[in-house]
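Work through the exercises below with the sequence and the 3D view open beside you, and try each task before you read its solution.

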Amino acid sequence: MLSIGVDIGGTKIAAGVVDEAGTIIAATTRSTPATDPELIEAGVADAVAELRAEHDVVGVGVGAAGFVGADRRTVVFAANLAWRHRALAEEIERLVSLPVVVENDANAAGWAEFRFGAATEAEHMLMVTVGTGLGGAIVLNGELVRGSGGFAGEIAHMTAVPNGQWCGCGRRGCLEQYTAGTALVRAAKRRAATGDPLMGPLVQAAGGAKKEIDGPLITRLAQQGDPGARELIAEIGSWLGEGLASISALLDPEVIVVGGGVSAAGDLLLDPAREAYAAHLTARMHRDIAPFEVAQMGNRAGIVGAADLAR
């Protein structure tokens with residue numbers, strides 16, 4: 001039984017035909033016209049039509065970057081795409097004449113890791129994606145947790161520091177502002193501007209221009225052994241571990257899966273996270289400490305997870 005998964009990002013629509021083992025057997029992409037909902041839907045329909053021409057599928061799952069209602073049909077709000085209470089499933093169904101399920105993109109990716117990736121042996125999983133921002137997905141008792149309105153799993157906007165760094169959500173001190181790629185780059189540029197000698201190799205690698213410092217550059221230098229880059233990644237790892245310890249006090253996950261671009265740093269990020277997690281975990285002397293695993297599904301996770309949820 002085949003289904004189609006669609007991952008709608010800010011710049012690209014990626015779609016694939018996925019089998020029951022989570023294998024993508026055909027794929028295609030379209031550009032994302034982010035300011036026009038109807039053009040986004042037309043792009044999805046065009047990609048689906050291309051894939052259906054060669055494969056018999058039972059439905060379509062759409063992973064959308066935004067707040068998706070508990071009905072799994074409506075995008076309530078998306079920060080970077082033109083969706084405001086958009087009946088996305090209904091609109092795409094009208095175009096493709098197939099059943100459509102819509103899911104938050106982080107939930108779709110987390111479901112792929114639970115079903116086919118790093119958490120296949122678990123019943124209770126917490127996934128966090130550390131990229132430009134911070135994403136989360138929760139699976140308890142083998143079920144994806146969506147909450148009453150579909151907004152569960154938004155760990156990025158837990159308060160980490162009261163009245164702390166301003167966040168794009170309009171609040172201050174959110175965990176995302178201390179753990180994500182934006183926090184990593186902001187810290188590097190701030191320290192470089194003060195003349196911190198540990199940032200010297202990073203500035204040099206950026207061609208002498210502090211403004212050219214980005215997350216992949218920091219990660220590359222850290223992997224090459226640069227002390228300053230390693231210190232920067234360790235700092236956000238510590239924040240991440242502390243935040244995940246607070247979440248675990250509520251959810252008690254069996255395994256924590258870490259994905260996203262910053263996770264490419266591997267143990268340079270995860271070892272400080274594990275240490276901080278263990279240090280801040282409630283009743284840590286009397287419970288199993290959840291292992292941290294690197295996500296395995298990579299950039300295909302959204303497609304695979306959305307397709308599997310549709311099936």
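The exercises that follow concern strand pairing, backbone angles and burial in a predicted model.

**Exercise 1**

Task: Determine which strands pair with strand S4, and in which sense they run.

Solution: Begin with strand S1, which covers residues 2-8 and pairs with S4 in the parallel sense over six bridges. To place this pairing in the view, find Ile 8, whose bridge partner in S4 is Ala 64. Next, turn to S8, which pairs with S4 in the parallel sense over five bridges; here Gly 63 stands opposite Glu 103 in S8. Finally, consider the surroundings of S4 (residues 57-64): seven of its eight residues are buried, so the strand is largely enclosed by the rest of the structure.

**Exercise 2**

Task: Describe how strand S2 is joined to strand S3, and find which residue of their hairpin takes a positive phi.

Solution: First locate S2 at residues 12-18 and S3 at residues 24-31, and note that these strands run antiparallel, with seven bridges between them. Then look at Val 18, which stands opposite Ile 24 in S3. The hairpin has five residues between the two strands, and Gly 22 in this hairpin has a positive phi near 85°.

**Exercise 3**

Task: For Ser 97, state where the residue lies and whether it is buried or exposed; then do the corresponding work for Asp 252.

Solution: Start with Ser 97, which has a positive phi of about 55° although it is not a glycine. Ser 97 lies in the loop that leads from helix H2 (88-96) to strand S8 (100-104). Its relative accessible area is 61%, and because exposed means over 50%, Ser 97 counts as exposed. Asp 252 is also not a glycine, and its phi is positive at about 50°. This residue is placed in the loop between helix H8 (227-251) and strand S12 (255-259). With a relative accessible area of 48%, Asp 252 is partly exposed.

**Exercise 4**

Task: Decide whether Gln 177 is buried or exposed, and list the residues with which it is in contact, leaving aside neighbours within four places in sequence.

Solution: Find Gln 177 in helix H4, which spans residues 176-179. The relative accessible area of Gln 177 is 8%, and because buried means under 20%, the residue is buried. Now set aside the neighbours within four places in sequence; the contacts of Gln 177 are then Gln 165, Trp 166, Cys 167, Gly 168, Ala 183 and Arg 186.

Technical notes:
Residues are numbered from 1 along each chain as its sequence is written. This is a predicted model: local features need pLDDT of at least 70, side-chain atom pairs count only at pLDDT 80 or more; totals for chains, interfaces and linings use all residues. Side-chain values use heavy atoms; hydrogens and water are left out. Two strands pair if DSSP finds at least two bridges between them. Helices (H or I, at least four residues) and strands (E, at least two) are DSSP runs, numbered from the N terminus. Buried means under 20% relative accessible area, exposed over 50%, partly exposed in between (1.4 Å probe, protein chains only). Contact means heavy atoms within 4.5 Å.
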